[in-house]
Structure formats: structure tokens, C-alpha cells
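Here is an informal walk through a two-chain structure for someone who has not met it before. Have a look at the picture, then read on.

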Amino acid sequence: MSGLISSSLARKVVMALSGLFLVFFLAQHFTINITSVIDPETFNVWSHFMGYNPIVQFALQPVLIAGVVIHFVMGFALELQNRKARGINYAKYNGGANAPWVSRNMIWSGLVVLAFLGLHFYDFWVHEMSYKYVDILPEDPTRYHAETVAKFAPFWRTVLYVISFVLLSLHLWHGFASSLQSMGVNNKYTPAIKKFAKIFAVVIPLGFAFIALYHHLNPITY
Amino acid sequence: MKLYLKIWRQKNAESKGSMVEYTLDGIENDMSFLEMLDVLNEGLINKGEEPVEFDHDCREGICGTCSLMINGRPHGPDSRVSACQLHMRSFKDGDSIVIEPWRAKAFPIVKDLIVDRSAFDRIQQAGGYISVNTSGRPVDANAIPIEKELADASFAAATCIGCGACVAACKNASAMLFTSAKVSQFALLPQGQVEASERVLNMVRQMDLEGFGNCTNTGACEVECPKGISLENIARMNREYLSASVKG
Ligand code: HEM
Ligand code: SF4
Ligand code: FES
């Protein structure tokens, strides 16, 4: 097993599995979040469920955090190893001639997403934890929608979210389809899978950006 | 045509190298890239200077020895050719050309533009073979029927000439395309099944030991490979590796 994890191919599978897991999480997260625009009541119901269901809180949430940590720690490890493998850099290296920019800069798009996750955690997770366990406030199952909308009142936060979603889109533009290649999937369905992955990579982050902008432009005035 | 060359010069494996500039005149369109370097070297020798050392053998695109990073691309700007098959008509009068050796920790520099690619040999030795009895009662290879598509895919993988352009092009100096071609040429054939698991495990282990990077699936290798070896081979190697690991 330790031999497995020191192998380059196994590391790539870890990268791919954790990345794909995050892709599924993203789809689920988006499905709930979009209800904050469509129907605030549904959003409150789901948010309350996610916030207080013990399975979600104590089983799924730790798995998600582990998934994120494994993914970016492995990402850093691979990046360092890859830089070492070149040794001396070329005086002239025309990387753009043979590979797309997004595929060569996964570490940078990933780093922006990681920085965003820090902010996002602070905004929502830390807030929830102090609500529930520090201030020990009574649960109001209808609070989520107003809290979320209020978060997007500051222009700077909305802009940071939108920028991060653009970088997330670039990360997935390469990463989603790449994860399948890493796990050995490359067959007659691959062109169709790639198309789907690219649509996903644009639509989901764009959708998240739309939600942030929508709440910024439609503050609750009551 | 007149050219402004910038070439990596390095006395030996231990010394520190640097880029050296040369101006070269009288180059003709029909010369190959290596002939252009021959002209440069003739001039240097006549002046009593050390010629630029570069690897070459067949000069017809089949041996894979010519290994030149030309203006930031392995084997230069043309696709599906090795450096010896690149012609000066791909350049124009007054061009600057930067010429460097393959850069990879696993390919140490021997001198100037020559690198030591024996890491590839060791990957091959780790499993790039099949065991066949050669004496007694030899069996005709054609006695085993093989689907045409599989035979073609195996042959396509076997056209890899071990040049190392894939490593040179890859931002991670990964040798996955080479290794996967050498795994695939056997994995696709019944003759390769006996040693299939050990083969992929051992070859990947050796590839890692040599210090090549990991694959990010950028596809640079496939674009720069003079033989058009496909990324499908890397996916096949990943599958072979996963199933061999699960089997134990
Ligand atoms: C919601 C967040 C994220 C999602 C959905 C995601 C998804 C993915 C996917 C699917 C891959 C492709 C895996 C493969 O090619 O095998 C990938 C690769 C990668 N990710 Fe992420 N990722 C996320 C966040 C991050 C973060 C925070 C980092 C931190 C630095 C990061 C760094 C990388 C790197 C470096 C790669 C390329 C690794 C390689 O191919 O060598 N990602 N990501
Ligand atoms: S896979 Fe292509 S680029 Fe790599 S060593 Fe073989 S022939 Fe050269
Ligand atoms: S010298 Fe043989 S391939 Fe170029």
C-alpha cells in the first residue's frame, strides 16, 4: 500500500478521485444554492437540513473536508515533484505550442480556489460554528436565506467570489476530463465525456457567480 | 540565409554550461537542421574551436537519437518529424534559433546538446519484453490469430523510437508517453499477457525511480511525438496498472 501511494500513477488516481468527488459535491452544492434565487423557502428547508442533520454534519462534512485536503496536498506534492523532474529550466520553452494554458497552470487556478475556500469557510462555516457552538443561539429554520443574501451586500466579497468562480471554471475545464484519463478511461465515449465536462466546467461556476451577483443586486430591504 | 544561433555549450557532465551565440551565413533551404549544425561545426573546427556536440545516427527519422530543443519545442516547429527530418525551409533569413538539450533530471547532460537517455533503456529492461522459447520447436507467431484493430494499435505503439521528445516537451518531464507505448505494444497482444501484471508494475516503478515527473494530461507529449504516439496509450497503462495493483 505504501508502495502504491509513492507511485506516480497511484498519486494521479488519488488526485483524480478526490477531484471527481469535489465535482460531485459542487453539483450538489449548486443544486441547493440555486434555490436561494428560485425559492427562498426551499433554500431554508435544505440549509436547515444540511446544518442540523447529524449524518451530514458528522459523517459527510468530515469526508468533504478530507477530500479537499487530500486533493490540494497531493496537488502540491505533485507540483513539487514535477518541478524537480525538469532540473534546469529551458532558456526558451514554448509551452503554448503544444498544450493549453489551463492544463499547464492547474496549480495556479487551484491555489486561487484554495484561497477562496479559506474565505468561504470563514464566511459560512466559521459563522455557523460560532452560531451553533459558541454563541449557542436558538435555531431559527428560516434564517438562512436572509443571512446568505446579507453576505453578498459588500461589493468586494461579491467580486472575490466571482473571480474565484472564473478560476474554478478554468480548473475544471481541464481537470474534469483529465481525471477520467488518469483513471484509465479513454475510449469511444471520450469525446462526448469531454464535451459534457467542458459544459459542466462553464455552467456550474457561472451559475455560482450568478447566484452571488443576484444576491448582491437584490438585497433584502425589509 | 543568415541565422543567429544561441546554443547550449557544456564541456562535460560536471561543468556548468551556458548559452553561446553564433552567427551563421550561407545556409540553404534544402539543408536539414543537422546539416546546418554540420556547417557550423566545420567553421568551428577550421577556426580551431571545439565543435558543438549533438546526437545523431540514422538521419532518416527512425533511430530517435537526434534530440534537440529548437526554439522551445522538441524537434523544432514542424509536427511529426524528428530534428534530422526538419529542414531549413522551415526558417527564414535573419531568424534567431535557440538550441538546447532535452531538460530532465533523468536525462543528465553528457556534453553540449547530448543527454544520457539510458533511463529509457532501464525502463525497457524492467519489463519491455516477452519470454519466448527460441530453440527446439519454434511456434510460428502467425499461428495465433489477432484482431486487426488490436494488431494495428499494438503496431502504432511499437513505432515509438525512444527519442525522448515527450519528456522534453512535458512541463513535468514525465516519461508516461514513452513508458505507456512500451507497455501497450505488448498489452494489446496475446503474447504479452503472460507477463502483463509484472510488466506494467515494474516498468512504472523504474520510471518513477529514474526521477521523471507525473502526468498532468496536458497532451504536450502527443503533439510533439514524431511518431504520433497517442494519449490513449497512457490511459491503457493506467488501466493495466490499476488492475495489476488490485490483483496484487
Ligand atoms: C472545489 C474545488 C476543486 C475541484 C472540484 C477540483 C477538481 C479537480 C479535478 C477533477 C482534477 C483532475 C485530476 C486529474 O487530472 O487526475 C484536478 C486537478 C488538480 N487540482 Fe483540483 N479541484 C479543486 C480544488 C483544488 C485546489 C484547492 C487545489 C489546490 C492547490 C487544486 C489543485 C489541483 C492540481 C495541482 C491539479 C493537477 C494535478 C496534476 O494533474 O498533476 N485543486 N482538480
Ligand atoms: S513516445 Fe514519441 S516522443 Fe516519446 S520517446 Fe516515443 S517516439 Fe519519442
Ligand atoms: S538521427 Fe535518427 S531519428 Fe534523427
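To follow what comes later, one term is needed: helices are DSSP runs of H or I with at least four residues, and they are numbered from the N terminus. Keep in mind, too, that this is a predicted model.

**Chain A on its own**

Let's begin with chain A. Its secondary structure amounts to nine helices and zero strands, so there is nothing but helix after helix in its pattern, α-α-α-α-α-α-α-α-α. Along the principal axes, the C-alpha trace of chain A spans about 60 × 40 × 35 Å.

One residue to pick out is A:His120, which sits in helix α6 (residues 106-134) of chain A. What is A:His120 in contact with, once its neighbours within four places in sequence are left aside? The partners are A:His29, A:Trp125 and A:Tyr161. As for A:Gln28, that residue is 92 residues away from A:His120 in sequence, and the two C-alpha atoms are 17 Å apart in space.

Helix α6 also takes part in a salt bridge. Side chains of opposite charge can pair when their charged atoms come close. Here the side chains of A:Arg157 and A:Asp123 meet that way, at 2.8 Å from N to O. Because A:Arg157 belongs to helix α8 of chain A and A:Asp123 to helix α6 of chain A, this pair ties together parts that are 34 residues apart in sequence. Over all chains, the count of salt bridges comes to 16.

**Where the two chains meet**

Now for the interface. On one side, 37 residues of chain A are in contact with 45 residues of chain B. The area buried between chain A and chain B is about 3,300 Å², and carbon and sulfur atoms give 52% of that. Three residues stand out: A:Leu9, A:Tyr90 and A:Asn98 supply 20% of the area that chain A buries against chain B, more than any other three residues.

How many salt bridges does the rule find across the interface of chain A and chain B? The count there is zero. Polar contacts are another matter, with 26 residue pairs found across the interface of chain A and chain B, both residues at pLDDT 80 or more.

Which elements give two or more residues to the side of chain A that touches chain B? They are α1 (2-6), α2 (8-38), α4 (54-86), α5 (101-104) and α8 (155-182) of chain A. The largest share, seven residues, comes from α4(A). By class, this side of chain A has 15 nonpolar, 16 polar and six charged residues.

**Pockets and cavities**

Next come the spaces in the model. A search of the whole structure turns up three cavities of 30 Å³ or more. The table sets two of them beside the second largest pocket.

| Space | Volume | Lining residues |
|---|---|---|
| Second largest pocket | about 420 Å³ | 20 residues |
| Largest cavity | about 110 Å³ | 15 residues |
| Second largest cavity | about 80 Å³ | 14 residues |

Take the second largest pocket to start with. Lying nearest its centre, among its lining residues, are A:His174, A:Ala177, A:Ser178, A:Lys194 and B:Asn217. From chain A, α5, α8 and α9 (190-217) each supply at least two residues of this lining, and α8(A) gives the most, with six residues. The pocket's lining has eight nonpolar, nine polar and three charged residues.

In the largest cavity, the lining residues nearest the centre are B:Cys170, B:Ser174, B:Cys215, B:Thr218 and B:Cys221. The elements giving two or more residues to this lining are α5 (176-187) and α7 (220-224) of chain B. Charged residues are absent from the lining of the largest cavity, which has nine nonpolar and six polar ones.

Finally, the second largest cavity has B:Cys160, B:Cys163, B:Cys166, B:Cys225 and B:Ile229 nearest its centre. Both α4 (165-169) and α5 of chain B supply at least two residues of its lining. Which element gives the largest share of the lining of the second largest cavity? That is α5(B), with three residues. The lining of the second largest cavity divides into eleven nonpolar residues, two polar and one charged.

Technical notes:
Residues are numbered from 1 along each chain as its sequence is written. Chains are lettered from A and ligands numbered from 1 in the order in which they are written. This is a predicted model: local features need pLDDT of at least 70, side-chain atom pairs count only at pLDDT 80 or more; totals for chains, interfaces and linings use all residues. Side-chain values use heavy atoms; hydrogens and water are left out. Contact means heavy atoms within 4.5 Å. Buried area is the accessible area (1.4 Å probe) that two parts lose on being put together, summed over both. A salt bridge is a side-chain nitrogen of Lys or Arg within 4 Å of a carboxyl oxygen of Asp or Glu. A polar contact is a pair of N or O atoms within 3.5 Å; within protein, one must be able to donate a hydrogen and the other to accept it, and residues adjacent in sequence count only if both atoms are side-chain atoms. Ala, Val, Leu, Ile, Met, Phe, Trp, Tyr, Cys and Pro count as nonpolar, Asp, Glu, Lys and Arg as charged, and the others, Gly among them, as polar. On a 1 Å grid over the protein atoms alone, a cavity is a set of points where a 1.4 Å probe fits but cannot get out, and a pocket is an open set with protein on both sides within 12 Å along at least five of seven lines; lining residues have an atom within 4 Å of a point. Grid points are joined across faces, edges and corners, and a volume is the space filled by probe spheres set on the points.
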